[in-house]
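This report is meant for a reader who has not seen this structure before. Please look over the sequence and the model first.

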Amino acid sequence: MAEITLYGIPNCDTVKKTRQWFEKRGIVYSFHDYKKSGIDKEMLELWVLEKGWEPILNKRGTTFRQLPDVLKEDIDGDKAIMLMVAHPSMIKRPIVDIDGEVIIGYDSTAYETLLGL
């Protein structure tokens with residue numbers, strides 16, 4: 001059986017949709033709540049190394065938009081990681097890790113492929 005971790009916040013509609021997708025199929029997963037547990041820098045560094053910071057940092061959300069302009073300028077991987085560690089709600093949701101394969105955002109086709117469904 002695959003080891004699955006779903007990262008997000010419980011009240012996010014896309015996270016709810018993803019949780020329902022797994023639960024409807026009886027697929028066991030662990031849930032990592034950014035609001036309660038935060039996110040460690042090392043995990044973000046791995047994700048950014050694998051996927052790049054651009055798809056992970058949610059620039060459209062309220063938290064990012066409310067940042068001072070100086071923090072929104074000249075973003076690179078290190079600055080994006082610093083912002084996401086300080087403000088986990090800026091991380092695109094959900095991020096799903098299936099046996100070490102990271103999927104950013106809701107993608108039922110990718111879930112099915114990785115799980116062999």
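The text below goes through the sheet, the helices on it, two buried residues and some backbone details.

**The sheet**

The model is a predicted one. In it, 4 strands form an open sheet with the order 2-1-3-4 and mixed pairing. Strand 2 and strand 4 are the edge strands, and each of them pairs on one side only. From one strand to the next, the twist averages 20°.

Strand 1 and strand 3 run antiparallel and are joined by 4 bridges. Ile 4 has Ile 98 in strand 3 as its bridge partner, and Thr 5 stands opposite Asp 97 in strand 3. Strand 3 is also joined to strand 4 by 4 bridges, and this pair too runs antiparallel. Here the bridge partner of Ile 98 is Glu 101 in strand 4. Strand 3 and strand 4 form a hairpin, with 2 residues between them.

How are the two faces of strand 3 covered? On one side Ile 95 and Asp 97 are buried, and on the other side Val 96 and Ile 98 are buried.

**Helices on the sheet**

Helix 1 lies across strand 1, strand 2 and strand 3, and runs at about 160° to strand 1. Helix 3 lies across strand 1, strand 3 and strand 4, and its angle to strand 4 is about 80°.

Helix 1, residues 13-24, also meets helix 7, residues 108-115: their axes come within 11 Å and cross at roughly 35°. This crossing is right-handed. On the helix 1 side the contact is made by Thr 18, Trp 21 and Phe 22, and on the helix 7 side by Ser 108, Tyr 111, Glu 112 and Leu 115. Sorted by class, the contact has 4 nonpolar, 2 polar and 1 charged residues.

Helix 3 covers residues 41-51, and its buried residues are Leu 44, Trp 47 and Val 48. Seen down the axis of helix 3, these buried residues fall within an arc of 95°, so they line one face of the helix. An α-helix has 3.6 residues a turn, so residues three or four places apart point the same way. The face of helix 3 turned away from the buried side carries Leu 46 and Leu 49, which are exposed. The buried residues of helix 3 pack against strand 1, helix 2, helix 6, strand 3 and strand 4. Just after helix 3 comes Gly 52, with a positive phi of about 85°.

**Two buried residues**

Leu 44 has its place in helix 3. Is Leu 44 buried or exposed? Its relative accessible area is 0%, and buried means under 20%, so Leu 44 counts as buried. Leaving out residues up to four places away in sequence, Leu 44 touches Ile 39, Ile 81, Met 84, Val 85 and Ile 91. Leu 44 and Gly 77 are 33 residues apart in sequence, while their C-alpha atoms are 9.8 Å apart in space.

Tyr 29 is in the loop between helix 1 and strand 2. Tyr 29 counts as buried because its relative accessibility is 16% and the cut-off is under 20%. Apart from neighbours within four places in sequence, Tyr 29 is in contact with Ile 4, Leu 6, Arg 19, Phe 22 and Glu 23. Tyr 29 and Glu 3 are 26 residues apart in sequence and 7.0 Å apart in space, C-alpha to C-alpha.

**Backbone details**

Most residues other than glycine have a negative phi, and most peptide bonds are trans. The table lists two residues with a positive phi that are not glycine.

| Residue | Phi | Loop | Relative accessible area |
|---|---|---|---|
| Asp 74 | near 55° | between helix 5 and helix 6 | 71%, exposed |
| Asp 99 | about 50° | between strand 3 and strand 4 | 54%, exposed |

Asp 99 belongs to the turn of the hairpin formed by strand 3 and strand 4.

Which peptide bond is cis? The bond from Arg 93 to Pro 94 is cis, with omega near -15°. Pro 94 lies in the loop between helix 6 and strand 3.

Terms used
Residues are numbered from 1 along each chain as its sequence is written. This is a predicted model: local features need pLDDT of at least 70, side-chain atom pairs count only at pLDDT 80 or more; totals for chains, interfaces and linings use all residues. Side-chain values use heavy atoms; hydrogens and water are left out. Axes are lines fitted to C-alpha atoms, for helices over the stretch in contact, and angles run from 0 to 180 degrees between N-to-C directions. A crossing is left-handed if the near helix is turned anticlockwise from the far one by less than a right angle, and right-handed if clockwise. Contact means heavy atoms within 4.5 Å. Ala, Val, Leu, Ile, Met, Phe, Trp, Tyr, Cys and Pro count as nonpolar, Asp, Glu, Lys and Arg as charged, and the others, Gly among them, as polar. Buried means under 20% relative accessible area, exposed over 50%, partly exposed in between (1.4 Å probe, protein chains only). The arc is that of the directions from the helix axis to the C-beta atoms. Two strands pair if DSSP finds at least two bridges between them.
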